Amino acid sequence: MNITRRRGAIATSITLGVLLTGLAVTLNIGWILVNKAHVALMVLGVVFFAALVAGVVLNTIFLVREVRRNERQDSFLNAVTHELKTPIASIRLYLETLERRNLDESQRRKFYAIMRSDSDRLLATVEQVLKAGQLGQRARQQNRTQIDLAPLVSECIEITRERYHLKPEAIILMPVSGQVRLRVDGIAEDLRTAVLNLLDNAVKYSPAGVSIVCRLRIERYTWAVLSVTDKGLGIPSRELKRIFKRFYRASTNDLVKIKGTGLGLFLVRTIARQHGGDIRATSEGPGKGSTMFLKLPLWIGDPNAS
């Protein structure tokens, strides 16, 4: 119902904008015809109506963007509410069961493991929302150190495997060619958040089976690039840039529902840009997987340093 109402608001805004623009253009033409003998008045009228048309067009664009932004925010609130409510309800259910029934030790341990998993999910959602608010206020030079990317990525892969109970071959990191150590100057906590979100996104959008390949390489002698390739749902070409916006979530078919807040890739882009880098996505289309490229400035230090 809300979606239909918003689409109606967008259509109304665009229609009204087109009608007002057409009216302004018509009046402008009429003004020119009436005052063609008076050059000063004609020029003044043309400038005035041009400004009027520009104002109407900009106002229409602003209204449409506001409606879409509100739609994304509402989707975010619904997603966060679900991400918070579901694990809380699950934890409460298992606690009530433990209180009311005498369970054997193996069953109790199973319930404890499920509650821990739900609490981890709850904590991850809260931390992601808090992180989104903190990143915009943090000074770019805070706690910067030289970070070796390979161990950091390996650590994030191991965390993701444990979080989703994946086999080792589900996510692999290809060896870096040669004995090159890819180091960047940055905030370790933030870069860890970025890599974890990339892996989390790749896992979530691979509902038929997780097969992720990560690669590290040097580009043009000045950039360290991490690529994360999955064989999941893929991304329509029109959404390759939109997916990095705050609250935006890539569209999926009605048979596949992907959980999330719409903040993960936004956080990755924010962190990358705060480190002087960027993030981009490629995909051959829906059902053909996707690849995320995280690019960061390479730290060039003492080649003899360990």
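**View 1. The largest nonpolar core, centred on its best-connected members.** In this predicted model, Ile243 and Met292 touch the most other members of the largest nonpolar core, which has 44 residues. Several elements give two or more residues to this core: helices H4 (149-164), H5 and H6, together with strands E4 (212-219), E5 (223-230), E6 (278-282) and E7 (290-297). H5 supplies the largest share, with eight residues. Apart from this core lies another, of five residues, with Tyr94, Leu98, Phe111 and Met115 among them.

**View 2. The surroundings of methionine 292.** Let's stay with one of the two residues that touch the most other core members, Met292. Setting aside neighbours within four places in sequence, methionine 292 is in contact with Leu198, Asn201, Leu226, Ser227, Val228, Ile235, Ile243, Phe244, Leu265, Ile279, Arg280 and Ala281. Ile243, the other residue highlighted in the first view, is thus one of the contacts of methionine 292.

**View 3. Helix H6 and its cover.** Here we turn to H6, which spans residues 264-274 and is mostly covered, with nine of its eleven residues buried. Those buried residues are Gly264, Leu265, Phe266, Leu267, Val268, Thr270, Ile271, Ala272 and Gln274. Follow the chain just past H6 and you meet glycine 276, which takes a positive phi of about 80°.

**View 4. Where helices H5 and H6 pack.** H5 (residues 188-204) packs with H6 at an angle of about 145°, and their axes are 9 Å apart. The crossing of the two helices is left-handed. On the H5 side, the contact is made by Asp190, Leu191, Thr193, Ala194, Asn197, Leu198 and Asn201; H6 brings Gly264, Leu265, Leu267, Val268, Ile271 and Gln274. By character, these residues divide into seven nonpolar, five polar and one charged.

**View 5. A closer look at asparagine 197.** This asparagine lies in helix H5. Because its relative accessible area is 10%, under the 20% cut-off, asparagine 197 counts as buried. Leaving out neighbours within four places in sequence, asparagine 197 is in contact with Gln128, Gly264, Leu267 and Val268.

**View 6. Stepping back to the whole protein.** To place the close-ups, note that the protein has six helices and seven strands, which follow the pattern α-α-α-β-α-β-β-α-β-β-α-β-β along the sequence. Of its 306 residues, 38% are buried. Among contacts between residues at least 6 apart in sequence, 70% join residues at least 24 apart. The protein exposes about 18800 Å², and carbon and sulfur atoms supply 58% of this area.

Definitions and conventions. Residues numbered from 1 in each chain as written. Predicted model: local features only at pLDDT ≥ 70, side-chain atom pairs only at ≥ 80, totals over all residues. Heavy atoms only, no water. Helix = DSSP H or I, 4+ residues; strand = E, 2+ residues; numbered from the N terminus. Buried < 20%, exposed > 50% of the residue type's maximum accessible area, 1.4 Å probe, protein only. Contact = heavy atoms within 4.5 Å. Areas by Shrake-Rupley, 256 points an atom, 1.4 Å probe, with all protein chains shown as cover. Axes fitted to C-alpha atoms, helices over the stretch in contact; angles between N-to-C directions. Left-handed = near helix turned anticlockwise from the far one by under 90°. Nonpolar A, V, L, I, M, F, W, Y, C, P; charged D, E, K, R; others polar. Core = buried A, V, L, I, M, F, W, Y, C linked by side-chain atoms within 4.5 Å.
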